[in-house]
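Visitor: I have a new model open and I'd like to learn how to read it. Could you walk me through it?

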Amino acid sequence: MNPSSPAAGTVDPIVSVRGVSKTYPGGFQALKRVDLDIRRGEIFALLGPNGAGKTTLISIVCGIAKPSEGVVLADGFDTEREYRQAREAIGLVPQELHTDAFETVWATVSFSRGLFGKPPNPAYIEKVLKDLSLWDKKDNKIMTLSGGMKRRVLIAKALSHEPKILFLDEPSAGVDVELRHDMWRMVRKLRESGTTIILTTHYIEEAEDMADRIGVINQGELIVVEYKHVLMRKLGKKQLTLTLQHALDRLPDSLSRWPLELSGNGLTLTYTFDTQKEETGIAELLRALNTQGIDFKDLQSSESSLEDIFVSLVHKKQETLA
């Protein structure tokens, strides 16, 4: 699938990436001519293995790093030529827990707002801190907070200037389940208010639960961009697993027309079928098993998760490059 196809584009993108490449002085090419449009008000999940180029791409869009070639627009502003206007539209929650250790929560979040030239707005800062369960910590110094609380402060700082675009770079890394759930509740509320969310995550089930569209990046190339439900339908597989009454040494030749896999102990038979086909072939398979005298005592069906699809896409890309 071509990420620059109409399915991946939009009439009015809030982030537009065109022909972006990044090559470091040693010759390593972190990004290879990436094209990507991110739509206003969507939650976009960028997935990829370690070293795939996720953080490099985010850094370029946020103006932290410069591309070797290509152009990025954020809210219509060129991130290099119109850095200040572009950066004002963006809030970034980085992976690293770096913040002002000796400042209070209230002071550091208020200061972040001032950095973007925004006038003081105590009511807004109060709302952000309350949404992130930080209000009772507002007078605490950052150094006294737990790792999870420091992560909340980073999110508050990123939201302090009321950005239209929020980047969450591995926001769940090293945080507890409670914070993770709080964070995603907040993300949903932000999206409802019109904020565009771009996230990278190793928790693929979160992307499956949260994202409107999914992008998969591997070895510096954007290999797929698609609506989540379309991706699941196009690339997902369903499996029928039968637990047999009696172990089989091998599958009869008459069953070779079906993509069947017999387990090592001969007691489990797995049939994989395409979710897009109108006919699953299950009824015909069951009749064929009955004809062969193969009885089963249990039957279960399952469907590919986003993680299965992600692993498959990355594996295929690596095989292509091998």
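Visitor: Let's begin with a strand. How many of the residues of β10 are buried?

Guide: First, keep in mind that this is a predicted model. A residue is called buried when its relative accessible area is under 20%. In β10, 5 of the 7 residues are buried, so by that cut-off the strand is mostly covered.

Visitor: And which strands does β9 pair with, and in which sense?

Guide: Look at the bridges and their direction. Strand β3, residues 43-47, runs parallel to β9 and shares 4 bridges with it. With β10, residues 221-227, β9 pairs in the antiparallel sense over 6 bridges. To find your way on screen, pick one bridge for each pairing: L47 has V216 of β9 as its partner, and I214 is partnered by E226 in β10.

Visitor: Why is β9 described as largely enclosed?

Guide: The general idea is that side chains in a regular strand alternate between the two faces of the sheet. That gives you two sides to check. Here R213, G215 and I217 are buried on one side of β9, and I214, V216 and N218 are buried on the other. With 6 of the 6 residues in 213-218 buried, the strand is largely enclosed by the rest of the structure.

Visitor: What is special about the backbone in the hairpin of β9 and β10?

Guide: Check phi. The hairpin has 2 residues between its strands, and Q219 takes a positive phi there, near 50 degrees. Q219 is not a glycine, and with a relative accessible area of 34% it is partly exposed.

Visitor: Where else should I look for a positive phi in a residue other than glycine?

Guide: Try S133, where phi is near 55 degrees. S133 sits in the loop between α4, residues 122-131, and α5. Its relative accessible area is 35%, which makes S133 partly exposed.

Visitor: On to the interior. Which residues touch the most other members of the largest nonpolar core?

Guide: Think of a core as a network of buried nonpolar side chains in contact. The largest one has 40 residues, and L159, L166, L168, V187 and I214 touch the most other members. Helix α5, residues 147-159, supplies the largest share of this core, 7 residues. Another core lies apart from it, with 29 residues, including I38, V72, A89 and L222.

Visitor: How many cavities of 30 Å³ or more turn up?

Guide: A search of the whole structure finds 2. The largest holds about 70 Å³ of space, and the second largest about 30 Å³.

Visitor: What kind of residues line the largest cavity?

Guide: Sort the lining by class: 11 residues are nonpolar, with no polar and no charged ones. Among them are V15, L36, F44, F167 and I198. The largest share, 3 residues, comes from α1, and β1, β2, β3 and α1 each supply at least two.

Visitor: And how does the lining of the second largest cavity break down by class?

Guide: This lining is mixed, with 4 nonpolar, 2 polar and 2 charged residues. You can select I60, P67, G70, V71, V72, D78, T79 and E80 to see the lining. Strand β4, residues 69-74, gives the most to it, with 3 residues.

Notes:
Residues are numbered from 1 along each chain as its sequence is written. This is a predicted model: local features need pLDDT of at least 70, side-chain atom pairs count only at pLDDT 80 or more; totals for chains, interfaces and linings use all residues. Side-chain values use heavy atoms; hydrogens and water are left out. Buried means under 20% relative accessible area, exposed over 50%, partly exposed in between (1.4 Å probe, protein chains only). Two strands pair if DSSP finds at least two bridges between them. A nonpolar core is a set of buried Ala, Val, Leu, Ile, Met, Phe, Trp, Tyr and Cys residues joined through side-chain atoms within 4.5 Å. On a 1 Å grid over the protein atoms alone, a cavity is a set of points where a 1.4 Å probe fits but cannot get out, and a pocket is an open set with protein on both sides within 12 Å along at least five of seven lines; lining residues have an atom within 4 Å of a point. Grid points are joined across faces, edges and corners, and a volume is the space filled by probe spheres set on the points. Ala, Val, Leu, Ile, Met, Phe, Trp, Tyr, Cys and Pro count as nonpolar, Asp, Glu, Lys and Arg as charged, and the others, Gly among them, as polar.
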